[in-house]
Structure formats: C-alpha cells, structure tokens
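Thanks for coming. I will put the structure up and then walk through a few parts of it.

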Amino acid sequence: MKKLKVGMISFAHGHGFSYLNALLALPEVEVVGIADEEKSRVEAVVTKNGLNYYADYRDLLAVADMDAVVICSENAFHARHTIDSANAKKHVICEKPLGISVEEMEQMIAACNDNGVQLFTAFPCRYLAAVINAKAAVDRGEIGDILAIKGTNRGSMPGKWFVEPELSGGGALLDHTVHVMDLMNWFTGSKVNEVYAYAATLFHEDLKVDDAGMIHVKYDNGVFGVLDTSWSRSKAFPTWGDVTMEIVGTKGAISVDSFAQKNELFSDAVGKAQYLPWGDSMDHYMVKSFVNALIEGKPAPISGVDGLRSAEVALAGYESVKTGQPVKLHA
C-alpha cells in the first residue's frame, strides 16, 4: 500500500505534538519531516523519531512526493503557510483559528481550490465522544428542533505568543470562540447572521489582549447561541479548561460535558488536584479522518469554509465590542 506522505510546519502551537503522535500511530502515513524556524521546539521529537528537520518551511514544501502538511504555526502565519503549501500542490490541515481576517481566510480557501488541494480546519472537538453522541441524538430528532445553545470554552491563559496580538490576532474571544462555535454551526446546520459580544481583560494584569469574553449569536434558522470564551481557569484549576454545551430543543434538552471522562488525582507532590482524561483521543480521530479523506479521495470532513464560518464570528465579535452594537454578517 502506498503511504500518504505528510510533513509538519511549525510546532508553535502545542497541538503539533499531539498531531504528530497521531500521524506516527497510523500505518498508512509516513511523516517526511518537520519544519520549524526554532529548532529547539522540535529537536527532541525529530531526534526521537528519526525525522528530517528543515529550518525553512519552503524546503519542506519542495519535497516532491510529499502529499500534505499539518500547519501549527502562530495564527498570523497560517495564511502564508497555507497559500504557499497550496501553491506547492500540498493538501493542508491548519490549526485553528484558520486565519485572523476574513480576507486572508478567503484567500487561503481560494488558493487551495485553485490548486486542487484540500483545506481541512483542525477542529478536534467534533471527534469527542460526548459531542458525537449528542449530534446523533439531535439528528434523530430526540429533542425536536434546536431553539438555543449555551456553550463554554473556558480555559487557562496560555501566555507566550497567544498574548502577543501581532502573532495571535486577538485574545480569548478569538482563541476560544472558534471550537464551540464550530460545534454550534455543525449542530444547527445554519449560518450566523448577527453577533453581539463583550470582551475585556479581567483575570490577568498587563495583558495586551482580552482574557474574558461572552459572544451572542443569531442564526439564519432562528436559533440563538451564547458562548463563554474566557481564560478564567486559574493555575490551581485541575485542567486547562472545558468544552460544554446545553442544547435546548422543542421536545427536550441535551447537556454535553466533553471532558467528563476523567479520573481525579489529589497529589501533595503536584500541589493541586488534577483531572486525568481516560477517554479516546479526539486528536487521533481528527487526524485519522483527514488521512482517510485524502486516501479515499473524499472531501475534507471539516473544511476551510467551516474554519472561516467560526472565525468570522469571533472577528465580528471584536467589531461589536468596539461599537457596543450587534454586527451583521454577510450572507
């Protein structure tokens, strides 16, 4: 069997390590190399796994028989890396948020379409067991028609480049809107047409970006949604954060707690309680679905348009914060 040859561009985002492990676990995949301008970030995994290292991502893209790349660079570089990869005829899986402006995300999608390659947005939360089961129940009509969704993606302040606006494109409102907003879009099967948001810096001093956010949306089909995107989990919190949804329908409701599959550890050595997840890896199933789509010649199960549809909500949220008014999204 011919293996799918995949490279990785940057490990600036920590998800890169998990995605690499997922790729290495798939017998149908060969990881051809890792490109990262900061060698120290990837030196250990390159050495451990005997992978080729590239200081310049363009040298990785020049590998003629490479099929696809996984991009985990800083948000500000997603567009450049994706467009260059598309022009090199490589399929792309890009870390969220897809981009930091609607214009550049449209350019990314167009470049991939023009070059006949797939663009897949990294939304692993679609592969959580609780989410999959809830989506199946909704599709079976168990709660009737969806009326409203209340979500949370509350997390810890990540620091590093995430709080540098020129690299991240925003704070908590951008960072933590996109995951659950994608789930809301997926569950409703509709498009957001109006956004009203609040954002501020409440939990951490001297940040250049917001660490608190609430975003409210209206959908074309009449559904309302609200999402807490705050970096409000302290250092003492047992885990980095949460992904929850309360889905209210005409015949019932479903409560989703995505990380409820966990053991609780209380350790004097660590100094705080810990949640140790034991459920299936959402990253593994996401990467596997991307690989399967490419091998089978099928469309990406989570597309660049999906990435655009969630990120544009967060970007409209920042506009709403500035004006204090709801913002309409284009059809």
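I will take one helix, then salt bridges, then backbone geometry, then cavities.

First, the ground rules. This is a predicted model, in which local features need pLDDT of at least 70 and side-chain atom pairs count only at pLDDT 80 or more, while totals for chains, interfaces and linings use all residues. Residues are numbered from 1 along each chain as its sequence is written, and side-chain values use heavy atoms, with hydrogens and water left out.

Start with helix α2, residues 39-49. Helices here are DSSP runs of H or I with at least four residues, strands are runs of E with at least two, and both are numbered from the N terminus. The buried residues of α2 are V42, V45 and V46. Buried means under 20% relative accessible area, exposed means over 50%, and partly exposed is in between, with a 1.4 Å probe and protein chains only. Looking down the axis of α2, the buried residues fall within an arc of 105°, so they line one face of the helix. That arc is taken from the directions from the helix axis to the C-beta atoms. The general background is that an α-helix has 3.6 residues a turn, so residues three or four places apart point the same way.

What do the buried residues of α2 pack against? They pack against α1 (15-24), β2 (29-35) and β3 (53-54), where contact means heavy atoms within 4.5 Å. S40, A44, T47 and K48 are exposed on the other side of α2. Just after the helix, G50 takes a positive phi of about 60°.

Now salt bridges. The structure holds 18 of them, each defined as a side-chain nitrogen of Lys or Arg within 4 Å of a carboxyl oxygen of Asp or Glu. I will show three.

The first to look at is D56 with R58, whose closest N and O atoms are 2.9 Å apart. D56 is partly exposed, with a relative accessible area of 24%, and R58 is exposed, at 53%.

Next, D175 and K96 meet through their side chains in a salt bridge of 2.7 Å, N to O. This pair links distant parts of the chain: D175 is in helix α8 (residues 172-175), K96 is in the loop between β5 (91-95) and α5 (102-114), and they are 79 residues apart. Are these two residues buried or exposed? D175 is buried, and K96 is buried too.

The last of the three is E312 with R309, with 3.4 Å between the closest N and O atoms. Both sit in helix α11 (residues 304-323), three residues apart, so they are separated by about one helical turn. E312 counts as buried at 10% relative accessibility, and R309 counts as partly exposed at 28%. Elsewhere, D36, E38, R41 and E74 are joined into one network by salt bridges that share partners.

On to the backbone. As a reminder, most residues other than glycine have a negative phi, and most peptide bonds are trans. K96 comes up again here, since a cis peptide bond joins K96 and P97, with omega about -15°. P97 is in the loop between β5 and α5.

Two lysines have a positive phi without being glycine: K89 at about 65° and K160 at about 50°. K89 lies in the loop between α4 (78-87) and β5. K160 is in the loop between β7 (146-152) and α7 (165-168), and it is exposed, with a relative accessible area of 71%.

Finally, cavities. On a 1 Å grid over the protein atoms alone, a cavity is a set of points where a 1.4 Å probe fits but cannot get out, and lining residues have an atom within 4 Å of a point. Grid points are joined across faces, edges and corners, and a volume is the space filled by probe spheres set on the points. How many cavities of 30 Å³ or more are there? The count comes to two.

The largest cavity has a volume of about 50 Å³. Its lining includes W161, F162, W231 and D175, the last of these being the partner of K96 in the salt bridge shown earlier. By class, that lining has four nonpolar, four polar and one charged residue. Ala, Val, Leu, Ile, Met, Phe, Trp, Tyr, Cys and Pro count as nonpolar, Asp, Glu, Lys and Arg as charged, and the others, Gly among them, as polar.

The second largest cavity holds about 30 Å³. Y19, L23, V70, I93, V287 and F290 line it, with α1 and α10 (282-296) each supplying at least two residues. This lining has six nonpolar, no polar and no charged residues.

Definitions and conventions
On a 1 Å grid over the protein atoms alone, a cavity is a set of points where a 1.4 Å probe fits but cannot get out, and a pocket is an open set with protein on both sides within 12 Å along at least five of seven lines; lining residues have an atom within 4 Å of a point.
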